[in-house]
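Work through the two exercises below with the sequence and the structure at hand, and try each task before reading its solution.

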Amino acid sequence: MEKQKAPIDHKNAVIRVHGLKKAFGDYEVLRGVNLELYQGENLVVLGRSGTGKSVLIKVISGLLQADAGTVEVLGQKIDQLTTKELQALRIRIGFSFQNSALYDSMTVRKNLEFPLVRNRRGIGRKEIDTSVERVLEAVSLSQTINQMPSELSGGQRKRIGIARTLILNPEIMLYDEPTAGLDPITCIEINELINEVQERYKTSSIIITHDLTCAKQTGDRIAMLLDGKFQREGSFEHVFDTDNARIKPFFDYNFIK
Amino acid sequence: MDTTDTTPIIPEPVKQKRFAGIRKSLTDFFASLYNINSFIIRFFKEAFLPPYEFKEIIRQCYETGVRSFTLISLTGFIVGLIFTKQSRPSLAEFGATSWLPSLVSIAIMRALAPLVTALIAAGKVGSSIGAELGSMRVTEQIDAMEVSGTNPFKFLVCTRVLATTLTIPILATYTGLISILGGFLNVYVNEGTSYRTYIGQVFDPLSFIDFTAALIKSIVFGFTIGIVGCYQGYNSSSGTEGVGKAANGAVVTAMFLIFIEEITIVQITSWFR
């Protein structure tokens with residue numbers, strides 16, 4: 001399914017990353033990453049496992065600290081924020097984890113309520129219920145409201161994970177491997193959901209993946225991360241229209257053209 | 001035999017390797033001491049500043065109490081019963097079995113009740129906290145809390161540490177009373193002492209210092225169980241192995257510290273008697 005292009009404001013970058021470096025011990029994962037995410041855009045970051053794709057979005061969300069470089073999110077430099085300011089900024093960013101990271105001890109309802117109750121002190125019961133129902137409907141899983149995460153399938157968990165981030169109406173969505181470990185049909189459903197979220201919530205997103213179907217269906221722009229830097233960037237067709245011996249196989253091993 | 005052989009008994013590379021190992025162990029030890037210290041300081045910084053997590057603290061208190069209640073009841077009763085039974089022959093030799101209630105109460109209220117409660121709670125509650133937070137760390141649930149604008153340290157660590165600090169003294173008092181009841185069963189069966197007489201003899205030798213020391217001990221033990229469990233779980237490394245290590249580390253470290261604290265507090269209180 002081809003993605004319906006949403007309007008992108010190329011003058012307004014919601015995330016700006018410049019010269020980002022991050023190392024773990026002696027291993028330098030990110031070696032000077034530059035990136036801009038524009039308002040309303042879905043940017044797909046492709047790369048092999050271990051190239052630092054997840055590290056990149058963890059630095060953007062402030063979960064990890066950069067060794068060098070600057071990260072500016074919605075006009076605020078991450079490393080210059082106080083804990084309170086960072087907390088306030090994070091409410092405007094949705095983070096969908098690779099393994100969904102649902103709270104095991106809570107039902108779906110409690111999982112969804114949690115960020116809302118924590119961040120909007122004094123919110124009424126009626127408003128909470130309405131918000132929970134709204135996001136569950138958005139991910140088409142209203143029937144799971146009283147189930148425990150352990151009772152859900154992998155695809156359902158991903159959807160609930162996304163719903164949990166949507167409940168705070170984020171301006172930016174960060175998806176970490178949204179289709180990892182799912183069957184092809186569920187993958188397509190998740191890709192469609194990502195596009196729906198972009199359209200309905202007017203979000204700008206970074207989608208980390210190595211699934212080319214996901215990249216093609218959801219990405220307005222693709223960036224290929226290799227050796228700790230973006231080596232190629234542009235439309236899906238442009239990125240893979242190359243004879244580069246390290247990028248070409250990535251495309252050839254997948255079965256879509 | 002050539003006595004001029006200067007070859008070292010331990011070859012140089014082996015020596016270097018051994019020293020490198022010792023140096024690494026020492027570095028790791030001091031690094032972990034520093035980390036634990038920072039963790040405790042962070043707890044005191046965050047626990048007493050708003051917003052307060054009263055609801056979660058009450059829930060954790062309930063969890064801590066309920067998790068250990070049955071085991072503590074059973075152990076407390078048996079400790080009292082066995083202690084009285086084992087002490088009887090020694091006192092009988094001097095015809096001093098009438099001192100049994102006093103002996104039981106001193107032993108139980110001064111030492112056994114807080115210690116037994118703390119050791120059971122370290123096993124039940126400490127391991128559970130370590131495993132729970134460890135698995136939350138491994139499955140990125142703690143990160144998920146952080147990115148959704150919640151302070152996970154305050155919500156997960158401060159609440160659990162406060163809960164164990166508040167609950168263990170209550171449980172220790174309960175253990176003391178149950179143990180005294182166990183002792184009464186033995187005294188009643190052997191001597192037919194009435195409950196009223198027994199209780200009078202039990203509380204007679206106890207002083208204000210005994211109760212205060214027991215209370216302080218329980219608070220310190222509760223804090224130790226909570227902070228060690230949380231530290232191990234919150235900082236557990238990736239993988240299921242990390243969760244197991246966190247649970248195990250929570251129990252072993254807490255028990256070790258509890259014994260050291262017991263000795264220290266007993267020594268300090270003895271100066272006040």
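**Exercise 1.** Explain why A:Cys214 is not bonded to the closest cysteine sulfur.

Solution. The sulfur of A:Cys214 lies 7.8 Å from the closest cysteine sulfur, that of A:Cys187, which is too far for a bond, since a disulfide is a pair of cysteine sulfur atoms within 2.5 Å. Over all chains, the structure holds 0 disulfides. As for burial, which means under 20% relative accessible area, with exposed over 50% and partly exposed in between (1.4 Å probe, protein chains only), A:Cys214 counts as buried because its relative accessibility is 0%, and A:Cys187 counts as buried at 10%.

This is a predicted model, in which local features need pLDDT of at least 70 and side-chain atom pairs count only at pLDDT 80 or more, while totals for chains, interfaces and linings use all residues. Residues are numbered from 1 along each chain as its sequence is written, chains are lettered from A and ligands numbered from 1 in the order in which they are written, and side-chain values use heavy atoms, leaving out hydrogens and water.

**Exercise 2.** Determine how helix α3 (residues 108–119) of chain A is oriented relative to helix α5 (residues 154–166) of chain A.

Solution. The axes, which are lines fitted to C-alpha atoms over the stretch in contact, are 8 Å apart, and the helices pack at an angle of about 30°. α3(A) and α5(A) are therefore roughly parallel to each other, as angles under 35 degrees count as such. Contact (heavy atoms within 4.5 Å) is made by residues including A:Val108 and A:Leu112 of α3(A) and A:Ile160 of α5(A).

Conventions: Axes fitted to C-alpha atoms, helices over the stretch in contact; angles between N-to-C directions. Helix = DSSP H or I, 4+ residues; strand = E, 2+ residues; numbered from the N terminus. Parallel < 35°, antiparallel > 145°, perpendicular 65-115°, else oblique.
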